[in-house]
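User: Could you take a close look at the empty spaces inside this protein for me? I work at the bench, so plain wording would be lovely.

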Amino acid sequence: MDDGIDYGRYEEGRNVNYWELDRTLQRELRRTYTDEAFEWAEPRLEAFGETVGHMIADNADYIDDHGPELEPYDKHGEVQNRVRYPAEQFENERLAYEAGIVADVFEAPPGREEPMALSHNLAMQYLLCYADPGFDCPVAMTAGAALVLEKFGDESLEPYLEALTSRDYDDLIEGAMFLTEKQGGSDVGANETRAEYDHDADCWRLYGEKWFCSNVDAEGTLALARTEDAPEGTAGLSMFLVPHSNLDRFDDPVTKGDLLEDGPLAPDEVNDQLYRRLKDKLGTISVPTGEVKFTGAKAILVGEEKSGFRQMAEMLNLERLSNAAASCGIMGRVLLESKIYAANREAFGKPIDQHPLMRADLVDMAVDHEAATTYVLEAARLLSERERAERADQDGDEADDAYRLMRLLIPIAKLRTARMAVDTASYGMEVHGGNGYVNEFVTNRMLRDAQVLPIWEGTENVLSLDVLRALVREDAHEPLREAIENRLERVSHPALADSLETVESEYHELLTALTTLAGEDGEYAQLSAKRLAHYVFDVFTAALLLERAQSKIEDGDARTVLVAKRFVANELEEPEARGIASGDRFALEAFDPIVRYASVAPDRLPDVDGIENPSESIQDDRG
């Protein structure tokens, strides 16, 4: 039997391989990928985990203290819109992009006949966020912009798609999404940026201001604007690609190699826009976020006029899952740092991970991380299925059900995991005590970076309303019911019986909640939307974990049984006297399997629901 990972042999969560130490990610990707795809991807994910754990992690800490700086004007007072980066940022970009973090899902990588599924991009983003969630923002938007151009772009945008998906860093451009305006915010329909067609130059020009523009100097920026005589609201918005440069020919985008070799653009090469200032942010320092004023910037219409919001929604699906993958990556890094610190830090005569309270905390942090990762990668699998079906021009009921379920699960994934990342990062700082509050320790940065995740790509309130829309417009409750019931029907092992009974009961309560909201007025539905979103996450995740536990116990390892039982107990059960009178010693008995990934033979699985002397079976498996 596997005794698990000895975290005491590490000094910190640095100079390690994040792929090798995250067995939860390994398990879920093995389920998500086809066998052939996983065989190809595993050595590459292992190599990327090594790169992130060493060079990218080291660079990320330096960049956090020496972030990008804006130089809007040159020495003659001419607009140059130059963002100056530390060399470490360029090194991290080269390491990530040339590893295929974007390219592999749009073009067949070496050794394969077809691209990888989008879930592969999300898995690599997850690993990247062990080191730098800020840098993951440009990566995510580069993939998102490429997805939009692949779906809606024409020949005029082909050079930009090729540059966004380049495997060669010197030929690469990055993507961005300029969506937020001061008066609009989450109310995208209130956006005022306008687009006018310049017949003399035979191009569109944009006028207006964008207020929160991450990756501000991207060459592949997507922006929404309203054309002449377009209606108010989201129905009147069109999407445009706005280059950083003001070139006469749009078939020659400025690449990273151009900028690194030739330096800043000449004033007459800068597009007609002003990068007014960079935001002085709490975290995500590695991505420059600024304010942009369009003063007639040349732009290329993407697809049809007045289709911009629908097109942007396609990008948002991937961006929201990228946000959720970032949340899981942050949770994984903070959990790793906490495990290592607790295994090495001694207090009152023994390592602090031997004290009951710390054991309980680490168990629950690990269960949260596993639950979040399981949910997010299931949503990623559905998105990948949908995109694969579209690329193959396949329709049908199965593809339709996957899309409707995806539309419900994705906003919930982003909503719930972002909050979990903040909570986990905050407690990880507490585990480290005063050191955790100091800038030299990575928990400080992880908390600062995590805090933006509930805000990016929609707040909890906005996402909760999107959940209601998915239920009303897509009838998403139907595939949700089928997905939950199918998973619960597969669970039969006696060790899971009590948890299964709880989840089945809560599932029927969830159906009652859905039926109730369907008959209530819109105001009451909105009032209940956030509670409903969290309820769906809890029940759906519990069903996923029970299914995983059933599968693993059939394979001879009962570790995931303990994870599933703990999640169900924490999120769906209400113990008497808040559990104090229950005699529950779960965290002490299940610590090694849950925290250290020690395996548990099914015939030695303790009954953590109360049978006397449950400790013998796990203690014997420690070796």
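How many cavities of 30 Å³ or more does the count come to, and which residues line the largest cavity?

Analyst: Happy to help! A word on the source first: this is a predicted model, in which local features need pLDDT of at least 70 and side-chain atom pairs count only at pLDDT 80 or more, while totals for chains, interfaces and linings use all residues. Residues are numbered from 1 along each chain as its sequence is written, and side-chain values use heavy atoms, with hydrogens and water left out.

The count comes to four cavities of 30 Å³ or more. Here a cavity is a set of points, on a 1 Å grid over the protein atoms alone, where a 1.4 Å probe fits but cannot get out, and lining residues have an atom within 4 Å of a point. Grid points are joined across faces, edges and corners, and a volume is the space filled by probe spheres set on the points.

The largest cavity holds about 110 Å³ of space. Its lining is made up of Pro133, Asp136, Cys137, Ala140, Met141, Glu319, Ser322, Asn323, Ala326, Leu453, Trp456 and Glu457. Helices (DSSP runs of H or I, at least four residues) and strands (E, at least two) are numbered from the N terminus. At least two lining residues come from each of α6 and α9, and α6 gives the most, with five. By class, this lining has seven nonpolar, two polar and three charged residues; Ala, Val, Leu, Ile, Met, Phe, Trp, Tyr, Cys and Pro count as nonpolar, Asp, Glu, Lys and Arg as charged, and the others, Gly among them, as polar.

The second largest cavity has about 70 Å³ of space. Tyr7, Tyr18, Leu21, Asp22, Tyr130, Gly332, Leu335, Leu336, Lys339, His369 and Tyr597 line this cavity. Two or more of its lining residues come from each of α1 and α9, with α9 supplying the largest share, four residues. The lining divides into seven nonpolar, two polar and two charged residues.

One of those lining residues, Asp22, also caps the N-terminal end of α2, where a side-chain oxygen of Asp22 lies 3.3 Å from the backbone nitrogen of Thr24. Helix α2 (residues 23-32) is largely enclosed by the rest of the structure, because seven of its 10 residues are buried. Buried means under 20% relative accessible area, exposed over 50% and partly exposed in between (1.4 Å probe, protein chains only). The buried residues of α2 are Thr24, Leu25, Gln26, Arg27, Glu28, Leu29 and Thr32, and their packing partners include α1 (18-21), α3 (35-65) and α16 (522-554).

Now for the open space. A pocket is an open set with protein on both sides within 12 Å along at least five of seven lines. The largest pocket has a volume of about 1200 Å³. Of the 35 residues that line the largest pocket, Leu179, Val188, Phe309, Leu316 and Arg320 are the closest to its centre. Elements giving two or more residues to this lining are α6 (133-152), β5 (203-214), α9 (308-344), α11 (397-431) and α13 (460-473). Here the largest share, seven residues, comes from α9. The pocket lining divides into 15 nonpolar, nine polar and 11 charged residues.

Conventions
Contact means heavy atoms within 4.5 Å. A polar contact is a pair of N or O atoms within 3.5 Å; within protein, one must be able to donate a hydrogen and the other to accept it, and residues adjacent in sequence count only if both atoms are side-chain atoms.
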